[in-house]
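Welcome! Open your viewer, get ready to select residues, and follow along stop by stop.

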There are 2 protein chains.
Amino acid sequence: MPTSRRVVLAARPDGIPQSQHFRIEAADTPALKPGEILVRNQFLSVEPAMRGWVSAVANYAQPVGIGEVMRSFASGEVVASEHPGFAPGDRVTGLFGWQELAAVPASAVQRKVTETDLPLSTSLGIMGINGLTAYFGLLDVGLPKPGDTVVVSTAAGAVGSAVGQIAKLMGCRTVGIAGGAAKVRQCLEDFGFDAAIDYKATNDIVGAIAEACPNGVDVYFDNTSGAISDVVMRHLAVKARVVVCGTASVPSWDPWPTGPRPERHLLVKRARMESFVIFDYAHRFGEALPRLAAWVRAGRLRYAEDVLEGIEAAPDAIASLYRGENRGKRLIRLHP
Amino acid sequence: MPTSRRVVLAARPDGIPQSQHFRIEAADTPALKPGEILVRNQFLSVEPAMRGWVSAVANYAQPVGIGEVMRSFASGEVVASEHPGFAPGDRVTGLFGWQELAAVPASAVQRKVTETDLPLSTSLGIMGINGLTAYFGLLDVGLPKPGDTVVVSTAAGAVGSAVGQIAKLMGCRTVGIAGGAAKVRQCLEDFGFDAAIDYKATNDIVGAIAEACPNGVDVYFDNTSGAISDVVMRHLAVKARVVVCGTASVPSWDPWPTGPRPERHLLVKRARMESFVIFDYAHRFGEALPRLAAWVRAGRLRYAEDVLEGIEAAPDAIASLYRGENRGKRLIRLHP
């Protein structure tokens, strides 16, 4: 008798995966092989990057196969273990997939979640991939200095809001770009941005960025690409660093979209565009997590969560993220 | 009675400056103010970057004014001095402009040329701005490692040929891209590239680059932008570094040209595009020049010169460079 449900990739999307590209299946409790653990997931993660994980276009990982469980981060509790390092009751986070029960090798575990004073859900957001992406992307790639002007796109999002707050902690002036009055309010009131621009409301984004960044943009943490980035690129300061973190505004890379060539901006401003993949920093997560936890506990690093209820919410969750419907880190809470 | 001739900017070009944008004037020997020196130029330099120096579009320096002597590097001999650091007979190189006699403050001198065993002309090429651009652009921005594949556009040019040879000295595999059979032959026979691609002759540049770079491109030293770069970007290796040095293939930035967006290449390959301005490295020229000189003396760093005769050749010299008519570092030899 099936004891678990899981979300599998039903068809390969062209662009952003929609609900029809997924299918919910019933499954039996999987049998554990030596070295594996059985995790009862409590939270499934939903991230913009998951679009790439189902794309046939070149990416940093093999795409999820048709009929395979959708790859995702998840957090839950170990309920059975055939690995000496894990015992029932351990709280763990890792690549457990969009499923209620996951039988995974220990290598799928990103870490045991030992901050028992913080909600388990944070292990998927501010204390997980989003916080770590903000931390290493901003600090290691963006190289912010006190007094720098740091501009962030999708500034109310899970990564963007952390970037803005960490940049403030580093002594920078922060400017957020977000879509809609509610997100702009979040940027200013919850995440402490010095200025926030509603790109949907303004009819002069060029003027708005120029006004918010009178000395130019020293660090641009770019989660969108597209028209917003094209404007920010015109306002780079000398020696600016553009951190290419995501391309949320680009619906499809087939056909490959065009835009203003960046070379002259880079030349004139001796500037840099650089990207990174957070998994390359795995060996340094232990350096970031205590700092992130301390900031969260001190109330200096705030986060918003947007929690959907039940695995039934999964198939539309990525598409809805790209429609901008979330308010903070999107999670799916399971009810086992 | 006029004793000198000089080339002034007669009109502001839209794009690449042509001969009609310059005017040759006669001038008297200038009177020296305290702190100035009088230099009799022997060689005037012609560089792709000079297009930017007369452009009204944002640049890293103020544009040359209408009626002003064309800014340029030049090398010559001090014939009179009102500065205690210089004496008649000193060989000097610096921003002396397109003129036979230059009265300039000492700050215009880039350096005294003390390598008396090397031709004075090298102070404008391999021992000057071109060699220094190749040296710092490749080593400081491109960060080549032994075994890396380094691709260079305008590979037979003054900068590109030096980049290729320095990359070889660093243990890299080098692939040059150049236009025409003669330049490809130069790349292979004179500058030791491991492979060279004639972008004008091939009808499959994608295949040619893929074949020449089976493990991808670790460093792309880009002097062109445009269609060639768009192809190279598709072949970046993980952690690739794109050194944006010039945009020779872009005839005008007004209107701003578009091209395939680079963000996804950068993301998928955790790659970087970065630019630099050689003047920012002025404090480190003293570290590079002895190494460059040693390589030149040892025959490990070869250079080609393309010498035009007489100041009359100056007005068309930049346009002709962009037409690809030069074979090596373009200079104008004066005959005082």
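Before the first stop, one definition: two strands count as paired if DSSP finds at least two bridges between them. Keep in mind that this is a predicted model.

**Stop 1: where the chains meet.** Select strand 14 of chain B together with residues 272-275 of chain A, which form strand 14 of that chain; the two run antiparallel and are joined by three bridges. Now click on M273(A): its bridge partner in strand 14 of chain B is M273(B).

**Stop 2: the wider interface.** Widen your selection to the contact between the chains, where 28 residues of chain B touch 28 residues of chain A. On the chain B side, the elements giving two or more residues are strand 13 (258-260), helix 7 (263-268) and strand 14 (272-275). Which of them gives the largest share? Colour helix 7 of chain B, which supplies five residues. By type, this side of chain B divides into 15 nonpolar, six polar and seven charged residues.

**Stop 3: a strand with two partners.** Stay in chain B and select strand 4 (residues 74-81). Seven bridges join it to strand 3 (residues 36-45), running antiparallel, and four bridges join strand 4 to strand 5 (residues 91-94), also antiparallel. Zoom in on A74(B): L44(B) stands opposite it, and so does G94(B) in strand 5.

**Stop 4: the domains of chain A.** Colour domain 1 (4-125 + 303-333) and domain 2 (129-278) of chain A separately. Their C-alpha centres lie 28 Å apart. Their contact takes 16 residues from domain 1 and 15 residues from domain 2. The domain 1 side divides into nine nonpolar, four polar and three charged residues.

How values were computed: Residues numbered from 1 in each chain as written. Chains lettered and ligands numbered in written order. Predicted model: local features only at pLDDT ≥ 70, side-chain atom pairs only at ≥ 80, totals over all residues. Domains from an automatic or database assignment. Contact = placed C-beta atoms within 7 Å. Nonpolar A, V, L, I, M, F, W, Y, C, P; charged D, E, K, R; others polar.
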